[in-house]
Amino acid sequence: MESDKAAPQILALQPQTNPQLLPHQDNIIQRCAAKELSYNDFYWRFMHANWPVIITDVSNAWECRNWAKCDSDNNTTKLDNENANNNNNNNNNANETGQEQHINFDYLRSRIGNFAVPVANCNATYFDSHAKLELKFHDYLERWQRNATDQRETNCNVAKDNLYLKDWHLAAQMPTYEFYQVPKYFVSDWLNEQLIAEQRDDYRFVYMGPKGSWTSFHADVFGSFSWSTNIVGHKKWLIMAPGEERKLADRLGNLPFSIDENQLDEHQVHYFTINQKANEAVFVPSGWYHQVWNVSDTISVNHNWFNACNVATVWRNLLSNWKAVRNEIADCQQMDNFEAHCQTMLRASFGINYLDFVELLEFIATRRLAAAALKDQQTTTTATSLLLFNRYQMNDHHLQTDLECIRQLLIDMLQEPSVLECPAQLHERCEHLKQQL
Ligand SMILES: O=C(O)CCC(=O)C(=O)O
């Protein structure tokens with residue numbers, strides 16, 4: 001594994017050049033090999049264009065490859081061609097040497113403590129999500145193994161348990177266990193940059209679940225991007241561009257909890273199917289609704305994040321959620337501290353409020369201004385410069401792109417009446433930050 005002392009890798013962002021080879025012009029979701037896809041290409045062709053991509057060979061050196069083991073008694077390749085109707089037919093659960101991969105339960109038990117973990121019961125719903133429970137990690141693994149054994153012994157296709165361990169903050173819980181490295185494409189991550197530095201709840205997750213476990217139809221929190229890399233196993237995704245999901249809404253505007261291909265075809269939804277294998281990362285752009293199934297026993301690592309490419313989307317979502325909250329409690333408008341109350345409710349329903357958002361912009365801008373000043377003085381050392389996920393450094397153009405994006409966003413925000421009305425002198429704080437940029 002690479003040491004933290006290794007020289008930082010530079011994120012070499014270039015100005016956007018035209019014409020770009022944009023994948024949405026062909027209306028396909030491409031597979032790109034990590035060794036052939038530059039940071040700059042990913043930035044403009046996928047992240048900035050808000051278009052999905054599957055990146056292969058992203059986790060070759062990750063320690064968590066030990067969470068999978070080969071079935072040495074059976075080194076023939078078992079093809080799992082179920083649902084292989086997307087743009088890639090080479091669809092299997094085998095590693096590079098063609099051996100079938102399984103969960104290494106013993107390694108997981110020995111390497112990871114018996115933490116309390118969040119689990120979704122995929123066989124039960126509670127309001128508009130799967131029912132949730134908390135289990136001890138080792139008990140969860142034991143239930144998974146026992147269930148698989150029972151299924152094998154009874155030759156039964158339907159699992160008794162369908163428990164999905166998801167949204168587990170393992171990286172935060174075991175900060176010295178470097179079980180993966182964030183691929184360079186995903187390190188311009190303003191959300192986790194702030195939350196990790198301030199030791200707050202972050203958006204870095206581990207997911208693990210048996211064949212048949214699944215995540216219901218949704219778009220990601222705040223309008224963030226997500227990336228998801230399979231360590232072992234195979235996922236099937238149904239995914240659609242923003243707006244397509246409206247074709248599925250009922251008369252009240254509610255979206256379905258679960259979807260399938262028949263339903264999508266019936267409503268003439270334009271969608272894509274992704275069959276994601278081990279060692280592949282799926283990039284999910286902002287606002288793309290999706291549903292995901294574990295086609296085999298699967299473990300994945302996943303982050304949600306935003307940056308200069310989608311922060312304006314996050315702001316628009318925050319604003320429209322503020323409007324919804326305000327409408328909901330409009331009849332209390334005369335009460336003292338009405339605006340403060342709206343912000344409290346906004347944080348409860350959306351996850352962040354205006355102040356949280358502006359604090360994040362201040363944090364990101366301050367770090368980039370400091371890094372740019374150090375570069376100007378030519379005194380930059382690895383110890384003092386801004387390192388993203390301990391190993392990446394932005395080039396000058398990247399620093400300036402981030403700063404210019406925040407400046408433009410503040411100009412928009414300062415024209416918004418709700419920012420003027422917001423408590424905590426938010427308008428003044430935005431104005432002050434803009435002056436610094
Ligand atoms: O893997 C899953 O079950 C869900 C992943 C997901 O929804 C995401 O990465 O946005």
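Trainee: In this predicted model, which residue of β16 is the bridge partner of Trp-227?

Mentor: The partner of Trp-227 in β16 is His-303, and that bridge belongs to a wider pairing, since β11 and β16 run in the antiparallel sense over seven bridges.

Trainee: What makes β11 and β16 count as paired strands?

Mentor: The cut-off is at least two bridges between two strands, and β11 and β16 have seven, so they count as paired.

Trainee: How do you know that β11 also pairs with β14?

Mentor: The reasoning is the one just used: four bridges join β11 to strand β14, residues 280-284, in an antiparallel run, and at least two are required, so this also counts as a pair. Within β14, Ala-281 is the bridge partner of Thr-229.

Trainee: Why is β11 called mostly covered?

Mentor: A residue is buried if 20 or more other C-beta atoms lie within 10 Å of its own, and eight of the eight residues of β11 are buried, so the strand is described as mostly covered.

Trainee: Where do these strands stand in their sheet, and what makes β2 and β7 its edge strands?

Mentor: The sheet is open, has nine strands with mixed pairing, and follows the order β2-β3-β14-β11-β16-β9-β8-β6-β7. Strands β2 (31-33) and β7 (129-136) are the edges, each of them pairing on one side only, while the twist from one strand to the next averages 25 degrees.

Trainee: How do you know that β9 is paired with β16 in that sheet?

Mentor: Six bridges join β9, residues 204-209, to β16, and the two run antiparallel; with at least two bridges as the requirement, they therefore count as paired. Across this pair, Tyr-207 stands opposite Ser-300 in β16, and both Tyr-207 and Ser-300 are among the residues around the ligand.

Trainee: Which strands each supply at least two residues to the shell around the ligand, and how do its residues divide by character?

Mentor: Strands β11 (225-232), β15 (289-294) and β16 (298-305) each supply at least two. The shell divides into three nonpolar, six polar and two charged residues, and its members include Asp-220, Lys-235, His-290 and Asn-302.

Trainee: β15 is not in the order you gave, so where does it pair, and which strands are the edges there?

Mentor: It belongs to an open sheet of four strands in the order β10-β15-β12-β13, with antiparallel pairing. The edges are β10 (214-218) and β13 (272-276), each pairing on one side only, and neighbouring strands are turned by 15 degrees against each other on average, direction ignored. Five bridges join β12, residues 235-240, to β13, with Ile-239 opposite Phe-272 in β13.

Trainee: Why is Gln-199 called exposed?

Mentor: The limit for exposed is 12 or fewer C-beta neighbours, and Gln-199 has 9 inside 10 Å, so it counts as exposed. Gln-199 is placed in the loop between α5 (190-197) and β9, and its C-alpha atom is separated by 8.3 Å from that of Ala-172, 27 residues apart along the chain.

Trainee: How do you know that the largest nonpolar core lies between the two domains?

Mentor: Of the 73 residues in this core, Val-53, Ile-55, Val-282, Phe-283 and Phe-306 touch the most other members, and helix α9, residues 354-376, gives the largest share, eight residues. Domain 1 (24-305) and domain 2 (311-436) both give residues to the core, which is why it lies between them.

Technical notes:
Residues numbered from 1 in each chain as written. Predicted model: local features only at pLDDT ≥ 70, side-chain atom pairs only at ≥ 80, totals over all residues. Near = placed C-beta within 6 Å. Nonpolar A, V, L, I, M, F, W, Y, C, P; charged D, E, K, R; others polar. Axes fitted to C-alpha atoms, helices over the stretch in contact; angles between N-to-C directions. Core = buried A, V, L, I, M, F, W, Y, C linked by C-beta atoms within 7 Å. Domains from an automatic or database assignment.
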